[in-house]
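Here are my notes on the structure, set out as numbered points. Please read them with the model open beside the text.

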Amino acid sequence: MSRKQKRFNVHKRATRLRKRGTKWEQFVLVALRRNHINCLFQYVYKPYIVDFLLFDRDVILEIEGKQHANRVTYDERRTAFLEETTGCKVVRWKNTEVTRRLPALITQLRAEFPVANNHPPDTTYGYGLFG
């Protein structure tokens, strides 16, 4: 598969994920928008798709389901790559946390990560919306 085909497939997959994200991702998306927290949903950052990019807070927010319990090494590598290349902090919330305490998580997010800047992310490395 060529590089161009891979890029197209990643964008195609991201579009599919945006249309039918999990119910927990939808809860978080609605909560972020209601709290006026700028985010990009199912954002493509080479070679990954991140659940939420909160670009003005320099945060990547990942919502984790049960499948992540079996993918600890993969998630650690992915987190290291994303933090190193984007300069963003990766924050992970479990589905159960979203269900039980979403308002508290949003408050905590706002307190720990105030608005850092008002620019889109550097996507010179990724295949994001601005690159």
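1. The protein chain has 4 helices and 4 strands. Along the sequence they follow the pattern α-α-β-β-β-α-β-α. Of the 131 residues of the chain, 41% count as buried.

2. This is a predicted model, and its confidence varies along the chain. The mean pLDDT is 80, with 72% of the residues at 70 or more. Over residues 124–131 the pLDDT is below 50, and this stretch has 21 contacts in the model beyond near neighbours in sequence. Those contacts should be read with the low pLDDT of residues 124–131 in mind.

3. Consider next how the chain is joined up. Among contacts between residues at least 6 apart in sequence, 62% join residues at least 24 apart. The accessible surface of the chain comes to about 8,200 Å², and carbon and sulfur atoms account for 53% of that surface.

4. The largest nonpolar core has 20 residues, and the members that touch the most others are Val28, Leu32, Phe52, Leu54, Leu61, Trp93 and Leu109. At least two residues of this core come from each of helix H2 (23–34), S2, strand S3 (59–64), strand S4 (89–94) and helix H4 (95–112). H4 gives the most, with 5 residues.

5. Leu61 serves as an example from this core. Leaving out residues up to four places away in sequence, Leu61 touches Val28, Leu32, Asp51, Phe52, Leu54, Val91 and Trp93. Another core lies apart from the one just described; this other core has 11 residues, among them Tyr43, Tyr48, Val50 and Leu53.

6. How many aromatic pairs does a search of the whole structure find? The search finds 3. In one of them, Tyr48 and Tyr74 meet edge-to-face, 6.2 Å centre to centre and with 75° between the planes. Tyr48 is in strand S2 (residues 48–54) and Tyr74 is in helix H3 (residues 72–86), so the pair ties together parts 26 residues apart in sequence. Tyr48 is buried, at a relative accessible area of 16%, whereas Tyr74 is partly exposed, at 33%.

7. Tyr48 also pairs with Phe81: the ring centres are 5.5 Å apart and the planes lie at 65°, so this pair is edge-to-face. Here too distant parts of the chain are linked, with Tyr48 in strand S2 and Phe81 in helix H3, 33 residues apart. Tyr48, Tyr74 and Phe81 form one aromatic cluster.

8. Side chains of opposite charge can pair when their charged atoms come close. The structure holds 6 salt bridges. One of them joins the side chains of Lys94 and Glu64, at 4.0 Å from N to O. Lys94 lies in strand S4 and Glu64 in strand S3, so the bridge ties together parts 30 residues apart in sequence. Is Glu64 buried or exposed? Glu64 is buried, with a relative accessible area of 10%, while Lys94 is partly exposed, at 46%. Glu64, Arg92 and Lys94 are linked in a network of salt bridges.

9. Two further salt bridges can be checked in the model. Arg71 and Asp75 meet through their side chains at 3.8 Å, N to O; Arg71 counts as partly exposed at 33% relative accessibility, and Asp75 is buried at 6%. Glu97 and Arg101 meet at 3.6 Å, N to O. Both lie in helix H4, 4 residues apart, which is about one turn of the helix. Glu97 is partly exposed, at 25%, and Arg101 is partly exposed, at 35%.

Notes. Residues are numbered from 1 along each chain as its sequence is written. Side-chain values use heavy atoms; hydrogens and water are left out. pLDDT is the predictor's confidence in each residue, from 0 to 100. Contact means heavy atoms within 4.5 Å. Rings of Phe, Tyr and Trp (its six-membered ring) pair if their centres lie within 6.5 Å; planes under 30 degrees apart count as stacked, over 60 as edge-to-face and the rest as tilted. Buried means under 20% relative accessible area, exposed over 50%, partly exposed in between (1.4 Å probe, protein chains only). A nonpolar core is a set of buried Ala, Val, Leu, Ile, Met, Phe, Trp, Tyr and Cys residues joined through side-chain atoms within 4.5 Å. Accessible areas come from the Shrake-Rupley method with a 1.4 Å probe; for residues, only the protein chains shown count as cover.
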